[in-house]
Amino acid sequence: MRARELFLAAGVGLAGAVLSHGAWAGPKIFTSGSAILTVNGSTETTANGNPDPFLAEVFTSGRECLRIAVTAQGADLKATLLSPAGTVWQDDDGGGSNRPLIKAVTTIRGWYPLSIAHFAGTAVNSDFTMTVQRAASTSSLCGAPTQPRTVLAEARVAKSGNNGPRPTGGPNE
């Protein structure tokens, strides 16, 4: 139970970092139309013994199914996907044989940070293969979609009297 709380806290921390910065450094994954893109990646352990998850951004045009399936892995992994609006999808074993499978019905266009790491958040060296596919939100590829684990609310209201700075860069701007 403690590992789950730590992993969720890490996802919330990732969300906070992404939402508070306008730019994200890392690989970008884009698949055209309904083409299936195969990606090889690794989770690693740093020289200090710290976890170093696979991090990338995946594009969706919004209002569609974004399907991310780990098809081969060297350790039990978990995938976490974060929308620019703060919705978080996580999966550990949905693809069978301890493989993560996220079937996210997205709501807004943009780059969605993806983290793949050990299911308990511990340091592990593991190569994996995943497929990324976009389809209509009504597609059978998103049958029984992954339910969001949490939604992070951005602070969008200025202090009473509308004094003070107004946050920018939200979905309505």
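Which ring does the charged end of lysine 28 sit over? The views below, all taken from a predicted model, start there.

**View 1. Lysine 28 meets an aromatic ring.** Here it's tryptophan 111: the charged end of lysine 28 sits over its ring, 4.5 Å from the centre. Trp111 has other company too, since ring pairs link it with Phe30 and Phe59 into a cluster. If you're counting, the structure holds four aromatic pairs.

**View 2. An open sheet of five strands.** Follow the strands across and you get the order 3-2-10-5-8, with antiparallel pairing. At the edges are strand 3 (51–52) and strand 8 (101–105), each of which pairs on one side only. As a general reminder, strands of a sheet pair through backbone hydrogen bonds, and they can do that either parallel or antiparallel.

**View 3. Strand 5 alongside strand 8.** Zooming in on one part of the sheet, strand 5 covers residues 64–73 and runs antiparallel to strand 8. Five bridges join these two strands. Want a landmark? Look for isoleucine 68, which stands opposite isoleucine 102 in strand 8.

**View 4. Glutamine 147 in its loop.** You'll find glutamine 147 in the loop between strand 10 (126–136) and strand 11 (150–151). Is this residue buried or exposed? Its relative accessible area is 55%, and the cut-off for exposed is over 50%, so glutamine 147 counts as exposed. Threonine 87 is worth picking out in this view as well: glutamine 147 and threonine 87 are 60 residues apart in sequence, yet their C-alpha atoms are 9.9 Å apart in space.

Terms used
Residues are numbered from 1 along each chain as its sequence is written. This is a predicted model: local features need pLDDT of at least 70, side-chain atom pairs count only at pLDDT 80 or more; totals for chains, interfaces and linings use all residues. Side-chain values use heavy atoms; hydrogens and water are left out. Rings of Phe, Tyr and Trp (its six-membered ring) pair if their centres lie within 6.5 Å; planes under 30 degrees apart count as stacked, over 60 as edge-to-face and the rest as tilted. A charge sits over a ring if NZ of Lys or CZ of Arg is within 6 Å of the ring centre and within 35 degrees of the ring normal. Two strands pair if DSSP finds at least two bridges between them. Helices (H or I, at least four residues) and strands (E, at least two) are DSSP runs, numbered from the N terminus. Buried means under 20% relative accessible area, exposed over 50%, partly exposed in between (1.4 Å probe, protein chains only).
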